[in-house]
Amino acid sequence: MRTAVSLAASAFAAGGAAVVGAAIQAERYVLRERTLPMPGVLLPAAGIRILHLSDMHLAPHNRRRAQYIASLERLKPDLVVLTGDFIASDRALELLHEALSPLRGVPGVFVYGSNDYFKPVLKNPLLYLVRNSNEGKSTRRAAPQRLNTGELTAMLESFGWVNLNNRSAHIRVAGTPVRFVGVNDPHVHYDRFPHGELSYSSAAHSRRDSDDASVGEAQAQAQAQAQGEDQRGEDTNATLTIGVTHSPYSRILDEMTAAGCSLVFAGHTHGGQVCLPGAKALVTNCDMDTAHVAGLFEWPVSAGWRGSHKAPVFRRNAEFSELAQAAGFATLPLLHTERQGDSPRTSLPSARQSSTHNASSRAAHTHTAWVQISAGLGTSPYVPLRTFCPPEAILLHIL
């Protein structure tokens, strides 16, 4: 009897320790710095530094997360790309403003996830193992509660950032024209791909702009400049085109690649959130294979992987490199700092960081795109846990 009680107590203690550990990991933020050469694309001499933030899921008590986001201003990015799921509650809008305000003045674009429209609801997390959250018969007894998306949009636009939900845009970044195409969240079928010519031209203000009037003036000047350059016959085929989506469904990646995007940003997957050792994800909550749950990879990947659970073979440029560094907050220890891909040809060990390099892979397709999927910064407020999948911000330097 005593042995049984002792075993039960040990199991309970071990389970409790695991939960505590997973809760701690959910607050151990990592900055991933990646460098990606993009030959043949019109870029400034110093390249473009892009800060990618996703899946913050801010609630009023997530002050440490907000402080970490605010601290990223020190990176001095040229562009901010935000791929949705900003808040978990209307009461977090003020905290989100505090978190993002230091980045005001940096050109930026954003799209939404479903959690920017609806409050999160309590779900059985084990169901993710058998189906995506948008599949199967709904068990909700009442309509989902709406969030104040209008106030969220007004806030983000007040920073001079461009709303790319089912829109396209032409923005000057670091003095160079960049095209953008975005969709609303495919996970809830809100996406309507903006086919055809760019229909929405704008530009975010620079750090020198100090008020709303100067923001409007900067936007008008940039639009006129961009139109003038097109009229002078600038090589538009060399212009960088970036796609932005919350959920990385394969049909969206196909559309963006076909539309000429050379780089696509996405979030949604949380990197699997609760993973096995080695960052091995169990779920993606979309139709992506678990080997592509997060990281930087080339699209399309090898044919035949869709609909299967086998790890696909996919290719990356030889020069891809990454530096991952944990947040240096005094309340929690550093995870680690590691540099990978220092040599011109290096095979990195996992899908989150890199895989087999093949510099000639682009020749296999008429057009390919680099896809970056962020594991995100937050979690559902009902499952504030992560294992072997730290929350992350990404600084991508394209050259």
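Tutor: Contact here means heavy atoms within 4.5 Å, and please keep in mind throughout that the model is predicted.

Student: Which elements do the buried residues of α4 pack against?

Tutor: Helix α4 covers residues 149-158, and its buried residues are Thr149, Leu152, Thr153, Met155 and Leu156. These residues span an arc of only 160 degrees around the axis, which places them on the same side of α4. In general, an α-helix has 3.6 residues a turn, so residues three or four places apart point the same way. From that buried side, the elements packed against are α3 (93-100), β4 (108-110) and β5 (162-163).

Student: Which element gives the most to the largest nonpolar core?

Tutor: The largest nonpolar core holds 36 residues, and those with the most contacts inside it are Leu53, Met56, Leu82, Phe86, Leu96 and Leu100. At least two residues of this core come from each of β2 (48-53), α2 (63-71), β3 (79-82), α3, α4 and β14 (392-398). The element that gives the most, with five residues, is α3.

Student: How many residues are in the other core, the one to which Ile171 belongs?

Tutor: Leu100, one of the residues with the most contacts inside the largest core, touches Leu53, Met56, Ile69, Leu82, Leu156, Phe159 and Trp161 once residues up to four places away in sequence are set aside. Apart from that largest core lies another, among whose members are Ile171, Ile242, Leu296 and Ile398, and the number of its residues is 26.

Student: What is the bridge partner of Ser168 in β7?

Tutor: Ser168 belongs to strand β6 (residues 168-173), of which six of the six residues are buried. Both faces of β6 are covered, with Ser168, His170 and Arg172 on one side and Ala169, Ile171 and Val173 on the other. Strands β6 and β7 run antiparallel and are joined by six bridges, and within this pairing the partner of Ser168 is Val181.

Student: Is Thr176 buried or exposed?

Tutor: Thr176 lies in strand β7 (residues 176-182), and its contacts, leaving aside residues up to four places away in sequence, are with Leu42, Leu43, Pro44 and Ile171. Its relative accessibility is 7%, and because the limit for this class is under 20%, Thr176 counts as buried.

Student: Which elements do the buried residues of α6 pack against?

Tutor: In α6 (residues 250-258), Ser250, Ile252, Leu253, Met256 and Thr257 are buried. They lie on the same side of α6, because they cover an arc of only 160 degrees around the axis. The helix is followed by Gly260, which has a positive phi near 100 degrees. The packing partners of the buried residues are β7, β8 (240-244), β9 (263-266), β10 (295-299) and β13 (369-373).

Student: Why is there no bond between the sulfur of Cys389 and the closest cysteine sulfur, in Cys275?

Tutor: Cys389 is buried, with a relative accessible area of 0%. A pair of cysteine sulfur atoms has to be within 2.5 Å to count as a disulfide, and by this rule the count comes to zero. The sulfur in Cys275 is too far for a bond, because its distance from that of Cys389 is 4.3 Å.

Student: Which residues are joined by a cis peptide bond?

Tutor: Most peptide bonds are trans. Here, however, one with omega of about 0 degrees leads into Pro300, a residue of the loop between β10 and β11 (321-326). The residues joined by this cis bond are Trp299 and Pro300.

Student: What is the phi of Asp85, which is not a glycine?

Tutor: Most residues other than glycine have a negative phi. Asp85 lies in the loop between β3 and α3 and is buried, with a relative accessible area of 4%. Its phi is positive, at about 55 degrees.

Student: Over which residues does pLDDT stay under 50 while the model has 98 contacts beyond four places in sequence?

Tutor: The chain averages a pLDDT of 75, and 62% of the residues score at least 70. One stretch with pLDDT below 50 is residues 303-319, which has 55 contacts in the model beyond near neighbours in sequence. The stretch you ask about, with its 98 contacts, is residues 328-365.

Technical notes
Residues numbered from 1 in each chain as written. Predicted model: local features only at pLDDT ≥ 70, side-chain atom pairs only at ≥ 80, totals over all residues. Heavy atoms only, no water. Helix = DSSP H or I, 4+ residues; strand = E, 2+ residues; numbered from the N terminus. Buried < 20%, exposed > 50% of the residue type's maximum accessible area, 1.4 Å probe, protein only. Arc of directions from axis to C-beta. pLDDT = per-residue confidence, 0-100. Pairing = 2+ DSSP bridges. Core = buried A, V, L, I, M, F, W, Y, C linked by side-chain atoms within 4.5 Å.
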